[in-house]
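Student: Let us work through this model one question at a time, with the reasoning set out before each result.

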Amino acid sequence: MPKPESWRLNAASYPVHLELQTRFQDMDINGHLNNVAFAALFESGRVLLNREVRPLEERPANERTMVAAVEINYLAEGNFPDPVQIATGIGRLGTSSWTIVQAMFQNGRAIATCDTVVVCRTDGQAKPLRAEMVAELETKLVKPA
């Protein structure tokens with residue numbers, strides 16, 4: 001795995017932040033946060049961003065989004081009971097998809113990054129994103145610091 005670009009390790013690069021408490025059940029046999037915990041914590045950050053961009057009650061009934069790919073890069077061990085900060089933003093906008101980029105921080109250091117490709121389907125097909133959705137997503141673009 002190549003080392004992440006330096007801006008990925010700077011929480012100020014991301015427009016959305018969430019602090020989450022780690023749980024005892026998140027630990028592996030070695031006493032570190034396990035890979036399932038990392039995935040769940042990133043998911044919480046992703047859902048927060050999606051709700052800010054596209055409130056459920058404002059979505060067209062024929063429009064659905066789905067996760068097409070998730071890549072998590074583990075940079076350091078995470079520990080219980082320390083909380084983590086999830087930093088989230090939009091990294092790329094495509095024709096019918098976007099990439100959510102995230103970083104997880106604990107005690108001031110980056111411990112993981114995550115890239116998630118989300119595809120929007122309208123009437124069961126990939127179609128170009130609505131102009132309103134593009135405008136909303138653009139407000140959450142990362143700003144490499």
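Student: How do the residues that line the largest pocket divide into nonpolar, polar and charged?
Tutor: In this predicted model, a pocket is an open set of points on a 1 Å grid over the protein atoms alone where a 1.4 Å probe fits, with protein on both sides within 12 Å along at least five of seven lines, and its lining residues have an atom within 4 Å of a point. Asp, Glu, Lys and Arg count as charged, Ala, Val, Leu, Ile, Met, Phe, Trp, Tyr, Cys and Pro as nonpolar, and the others as polar. Sorted in that way, the lining of the largest pocket holds five nonpolar, two polar and five charged residues.

Student: Before we go on, I note that residues are numbered from 1 along each chain as its sequence is written. I also note that local features need pLDDT of at least 70 and side-chain atom pairs pLDDT 80 or more, while totals for chains, interfaces and linings use all residues, and that side-chain values use heavy atoms, without hydrogens or water. Which residues are the closest to the centre of the largest pocket?
Tutor: The space in the largest pocket comes to about 160 Å³, the volume being what probe spheres set on the grid points fill. Twelve residues line the largest pocket, and the closest to its centre are Pro 4, Arg 8, Asn 73, Thr 113 and Asp 115.

Student: Which element gives the largest share of the lining of the largest pocket?
Tutor: Strands here are DSSP runs of E with at least two residues, and helices are runs of H or I with at least four, each numbered from the N terminus. Two elements give two or more residues to this lining, namely β2 (63-74) and β5 (109-122). The largest share is three residues, and the element that supplies them is β5.

Student: Which side chain meets that of Arg 8 in a salt bridge?
Tutor: In general, side chains of opposite charge can pair when their charged atoms come close. The criterion for a salt bridge is a side-chain nitrogen of Lys or Arg within 4 Å of a carboxyl oxygen of Asp or Glu, and the whole structure has six of them. For Arg 8, the distance from N to O is 2.8 Å, and the partner is Asp 115.

Student: How many residues apart are Arg 8 and Asp 115, and is Arg 8 buried or exposed?
Tutor: Arg 8 belongs to the segment before β1 (16-20) and Asp 115 to strand β5, so the salt bridge links distant parts of the chain, 107 residues apart. With buried meaning under 20% relative accessible area, exposed over 50% and partly exposed in between (1.4 Å probe, protein chains only), Asp 115 is partly exposed at 27%. Arg 8, at 10%, is buried.

Student: Which residue forms a salt bridge with Glu 52?
Tutor: Glu 52 lies in helix α1 (residues 35-53) and its partner in the segment after α2 (131-138), so the pair ties together parts that are 88 residues apart in sequence. Glu 52 is partly exposed at 41% relative accessibility, whereas its partner is buried at 16%. The closest N and O atoms are 2.8 Å apart, and the partner is Lys 140.

Student: Which residues do salt bridges that share partners join into one network?
Tutor: The side chains of Arg 130 and Glu 132 meet in a salt bridge with 3.3 Å from N to O. Arg 130 is partly exposed at 28% relative accessibility, and Glu 132 is partly exposed at 47%. The network joins Glu 63, Arg 130 and Glu 132.

Student: Leaving aside its neighbours within four places in sequence, which residues is Met 133 in contact with?
Tutor: Met 133 lies in helix α2 and is buried, with a relative accessible area of 0%. Its C-alpha atom is 7.7 Å from that of Val 53, although the two are 80 residues apart in sequence. Taking contact as heavy atoms within 4.5 Å, and leaving aside neighbours within four places in sequence, the partners of Met 133 are Arg 54, Glu 63, Trp 98 and Cys 120.

Student: What is the omega of the cis peptide bond that joins Phe 80 and Pro 81?
Tutor: Most residues other than glycine have a negative phi, and most peptide bonds are trans. Pro 81 is found in the loop between β2 and β3 (84-93). The bond between Phe 80 and Pro 81 is cis, with an omega of about 15°.
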